[in-house]
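Dear colleague,

Please find below the structure for your review. My notes on its surface contacts and its pocket follow.

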Amino acid sequence: MDVPACPGCRERDARIAELERRVAELEALARDLTARLGINSSNSSVPPSANPLDAPKPLVKKPTGPKPRGQPGHPPHLKQLLPPERVKEFIPFIPTHCRKCQAALPAEPGPHDPAPTRFQVAELPPIQAEITE
């Protein structure tokens, strides 16, 4: 048999129900905030500049695979200088002073000077279209 609840019991039960609802709401908020504490650039789309101070440093991955180079045993493709008869113009470059000590250098090479280094530049002339009317 149901006994009618007294007015004090009804108020107490209503207060308990309200407090239980509030506790569930606060627990959900605490779960959300705890999850947000662990977010950083390594586990979300957050940029590294927005990382918290205690976030782990980003991992720097080492390159994998072979280094870029030619096949083993393959001859290198070095620049080949054209023979002097194919060169149109020679421009000698003779330094006037030493790069290290800035002392003046003679115009003619001495017996202990290294051999001159050659460098060639190939330039294509401007191409003009031939127009026929």
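A residue is called buried under 20% relative accessible area, exposed over 50%, and partly exposed in between (1.4 Å probe, protein chains only). The model is predicted: local features need pLDDT of at least 70, side-chain atom pairs count only at pLDDT 80 or more, and totals for chains, interfaces and linings use all residues. Residues are numbered from 1 along each chain as its sequence is written, and side-chain values use heavy atoms, with hydrogens and water left out.

Glu25 is partly exposed, at a relative accessible area of 40%. Glu25 forms a salt bridge (a side-chain nitrogen of Lys or Arg within 4 Å of a carboxyl oxygen of Asp or Glu) with Arg21, the closest N and O atoms being 3.0 Å apart. Through salt bridges that share partners, Glu18, Arg21, Arg22 and Glu25 belong to one network. Within that network, Glu18 and Arg21 meet at 2.7 Å, N to O. Arg21 is partly exposed at 43%, and Glu18 likewise at 36%. A further salt bridge links Asp13 with Arg12, at 3.3 Å between the closest N and O atoms. The count comes to 4 salt bridges.

As for the largest pocket (an open set of points on a 1 Å grid over the protein atoms alone, with protein on both sides within 12 Å along at least five of seven lines; lining residues have an atom within 4 Å of a point), 30 residues line it, and Ile91, Phe93, Thr117, Arg118 and Phe119 lie nearest its centre.

Kind regards

Note on methods
1 Å grid on protein atoms, 1.4 Å probe; cavity = no way out; pocket = protein on both sides within 12 Å on 5 of 7 lines; lining within 4 Å.
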